[in-house]
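User: I would like a close look at a single part of this model, namely how strands pair in it, followed by what lies around that part. Please take it step by step, in one connected account.

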Amino acid sequence: MLAVLIGQHGEYLLIFLVSPGQFQEGVMTVHDHWQMDASAPELYERYLVPAITSVWADDLLDRIDPAKGECVLDVACGTGVVARRLAERGHVGRLVGIDLNGAMLAVARAKSSDVEWTEGSALDLPFATRSFDVVLCQLGLQFFPDRPQALREMARVLKPSGRLGLSVYSAIEHTPAANAFVQALDGFLGPESSRTKRAEHLTCNADEVGNWVRQAGFDRVGVETVTKQIGFPSALDYVRFQLTATPMAALLTREDDAGRERTIAAIADDVAARLDPSILANGRLTFPQESFVVVASLR
Ligand SMILES: C[S@@+](CC[C@H](N)C(=O)[O-])C[C@H]1O[C@@H](n2cnc3c(N)ncnc32)[C@H](O)[C@@H]1O
């Protein structure tokens, strides 16, 4: 089932639910491979958070290192990995997570009661001016329809001397698995099919991101280009995840289960053929993923 919601500010919000059992029989026979048997937010939390976003969360928290007693806001928190990780580090002080997607927040709520989870838009934060010491925004900025407005909102809710920590994927060409995937998609399903995946990545350079943050009112702004090694059990798991548990599943809704699995396998073979063999050592998919990481503060 695919649900499309349109937010107050024109944001597109896709919620994809995979019916239980749909991908279990005859597909996933190897135990350490991924089981696509839950809703998209649950699958996101089960697979993408450990594989990808917890890696970036630890990096961001190490850079910002919120102090005892500081009030922290996690914007576009998703299932809440950044705020939850901070709570697990023993943070003392108010922790708030906000996201537009109620289904992602439901997973966040089930995982932790240490954080105040709030549904709302990054473009119109429902918080008083000067109410937080730290704002974090991990892998969300690329999705906001009005990035300058979201950054101005982050500056508005920060107290004087407040800090911002933000990460966002850089150009897709700097993340080989994603780049191979969009090329394979375009080849199999047509040139428009990779649009959603490409939208996860910025096309500009680090200086431009720094300028957006400065123009939003931040004073000391540093942007670092950071690479992390990301691992998936196989190229097939990577492609299957993308095409069954994300909004890209809409690309294969016309196919029955067998046809969908054939297409996924063919795209996975094509992805593998486009990658340097070192990325597929021992059948695992291990690739560098590049992001811009911003650390900024107000005067
Ligand atoms: C790739 S996820 C990142 C989630 C989380 N920060 C993490 O690292 O796992 C992007 C999130 O941005 C949220 N999002 C997109 N547009 C938004 C908006 N305008 N306001 C708030 N959240 C938004 C989505 O609902 C989604 O949960």
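Analyst: Two strands are taken to pair if DSSP finds at least two bridges between them. Please keep in mind that this is a predicted model, and that what follows describes the model as computed.

With that criterion, strand 3 (residues 72–75) and strand 4 run parallel and are joined by 4 bridges. Within this pairing, Val72 has Leu95 of strand 4 as its bridge partner. The two strands belong to an open sheet of 7 strands, whose order is 5-4-3-6-7-9-8 and whose pairing is mixed. Strand 5 (116–119) and strand 8 (220–232) occupy the edges with a single partner strand each, so one side of each of them has no neighbour in the sheet. On average, and ignoring direction, neighbouring strands of this sheet are turned by 20° against each other. As general background, the strands of a sheet pair through backbone hydrogen bonds, in either a parallel or an antiparallel manner.

Strand 4 repays a closer look, since 5 of its 5 residues are buried and the strand is therefore mostly covered, burial requiring 20 or more other C-beta atoms within 10 Å. In a regular strand, side chains alternate between the two faces of the sheet. In strand 4 both faces are covered, with Leu95, Gly97 and Asp99 buried on one side and Val96 and Ile98 buried on the other. Helix 3 (residues 102–111) lies across strand 4 (95–99) and strand 5, and runs at about 170° to strand 5.

From strand 3 the path leads to the nonpolar core. Val75 touches Ile98, Ala122, Val135, Leu136, Cys137, Gly140 and Met154, if residues up to four places away in sequence are left aside. Val75 is also, with Val135 and Val239, among the residues that have the most contacts inside the largest nonpolar core, a group of 84 residues. Helix 1 (residues 40–64) gives the most to this core, contributing 11 residues. Such a grouping can be set beside a general tendency: in soluble globular proteins, nonpolar side chains tend to be buried together.

Further along the sheet, strand 6 (residues 132–138) runs parallel to strand 7 (residues 158–169), and 6 bridges join the two. Cys137, one of the residues that Val75 touches, stands opposite Leu166 in strand 7. Strand 7 also contains Ser161, whose phi is near 70°, a positive value in a residue other than glycine. Ser161 has 11 other C-beta atoms within 10 Å and is therefore exposed.

Towards strand 8, helix 7 (residues 206–215) lies across strand 7, strand 8 and strand 9 (285–297), running at about 130° to strand 8. Pro288 lies in strand 9 and, because 13 other C-beta atoms are found within 10 Å, is classed as partly exposed. Although Pro288 and Lys228 are 60 residues apart along the chain, their C-alpha atoms are separated by 5.5 Å. Leaving out residues up to four places away in sequence, Pro288 touches Pro176, Thr227 and Gln229.

Helix 8 (residues 235–244) is mostly covered too, with 10 of its 10 residues buried. These buried residues include Val239, along with Asp237 and Arg240, and Val239 has already been named for its contacts inside the core. Both strand 8 and strand 9 are among the elements covering helix 8, which also include helix 1, helix 5 (176–189), helix 6 (195–198) and helix 9 (257–274).

The ligand brings several of these places together. It is surrounded by 20 residues, of which Thr53, Ala76, Gly78, Asn101 and Ala122 are the closest; Ala122 is also among the residues that Val75 touches. By class, the shell has 12 nonpolar, 6 polar and 2 charged residues. Helix 1 and helix 2 (81–88) each supply at least two residues of this shell. In the loop between helix 1 and strand 3 sits Asp65, which has a positive phi of about 45° although it is not a glycine. Asp65 counts as partly exposed because it has 13 C-beta neighbours inside 10 Å.

To set the sheet in its wider frame, the protein chain has 9 helices and 9 strands, and 42% of its 299 residues count as buried. Among contacts in the chain with a separation of 6 or more, 72% are between residues 24 or more positions apart.

Note on methods. Residues numbered from 1 in each chain as written. Predicted model: local features only at pLDDT ≥ 70, side-chain atom pairs only at ≥ 80, totals over all residues. Core = buried A, V, L, I, M, F, W, Y, C linked by C-beta atoms within 7 Å. Buried ≥ 20, exposed ≤ 12 C-beta atoms within 10 Å, placed from the backbone. Contact = placed C-beta atoms within 7 Å. Axes fitted to C-alpha atoms, helices over the stretch in contact; angles between N-to-C directions. Near = placed C-beta within 6 Å. Nonpolar A, V, L, I, M, F, W, Y, C, P; charged D, E, K, R; others polar.
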